[in-house]
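Reader: I've got a model open and a few quick things to ask. Can you walk me through it?
Author: Sure, here it is.

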Amino acid sequence: MSATEYTVTGMTCGHCEMSVREEVGEIPGVQGIEVSHESGRLLVTADDSVDDAAVLAAVEEAGYTAVRA
């Protein structure tokens with residue numbers, strides 16, 4: 001199991017969190033997603049390492065920007 005943390009900008013509410021969670025949840029291998037609009041933190045856990053580009057693209061698809069923390 002691996003965990004990778006990202007910093008997401010632009011989230012302001014619980015709906016924002018839900019949008020990010022839905023998009024990142026579609027990435028194969030993702031087992032868990034913790035996201036907080038208050039801290040801007042996104043923690044992705046997976047069976048193996050997840051492709052950073054896939055996570056960043058999923059966050060962008062949700063309407064936000066992210067960088068690996």
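Reader: Which residues are buried in helix 1?
Author: Cys16, Glu17, Ser19, Val20 and Val24 are buried in helix 1. Buried means under 20% relative accessible area, exposed over 50%, and partly exposed in between, with a 1.4 Å probe and protein chains only. Helices (H or I, at least four residues) and strands (E, at least two) are DSSP runs, numbered from the N terminus.

Reader: Why are they on the same side of helix 1?
Author: They cover an arc of only 160° around the axis, so they sit on the same side of helix 1. That arc is taken from the directions from the helix axis to the C-beta atoms.

Reader: What do those buried residues pack against?
Author: Strand 2, strand 3 and helix 2. Contact here means heavy atoms within 4.5 Å.

Reader: Before I go on, what are the ground rules?
Author: This is a predicted model, where local features need pLDDT of at least 70 and side-chain atom pairs count only at pLDDT 80 or more, while totals for chains, interfaces and linings use all residues. Residues are numbered from 1 along each chain as its sequence is written, and side-chain values use heavy atoms, with hydrogens and water left out.

Reader: OK, cysteines. How many disulfides are there?
Author: A search of the whole structure finds 0. A disulfide is a pair of cysteine sulfur atoms within 2.5 Å.

Reader: Why no bond for Cys13?
Author: Its closest cysteine sulfur is in Cys16, 3.5 Å away, and that is too far for a bond.

Reader: Are Cys13 and Cys16 buried or exposed?
Author: Cys13 counts as partly exposed, at 29% relative accessibility. Cys16 is buried, with a relative accessible area of 6%.

Reader: Switching to the sheet. What's the strand order?
Author: 4 strands form an open sheet in the order 2-3-1-4, with antiparallel pairing. Two strands pair if DSSP finds at least two bridges between them.

Reader: Which strands stand at the edges?
Author: Strand 2 and strand 4 (65–68). Each has a single partner strand, so one side of each is left without a neighbour in the sheet.

Reader: How many bridges between strand 1 and strand 3?
Author: They pair over 6 bridges, in the antiparallel sense. Thr7 stands opposite Arg41 in strand 3.

Reader: Last one. What does Val55 touch?
Author: Tyr6, Ile27, Leu42, Val44 and Val50, not counting residues up to four places away in sequence.
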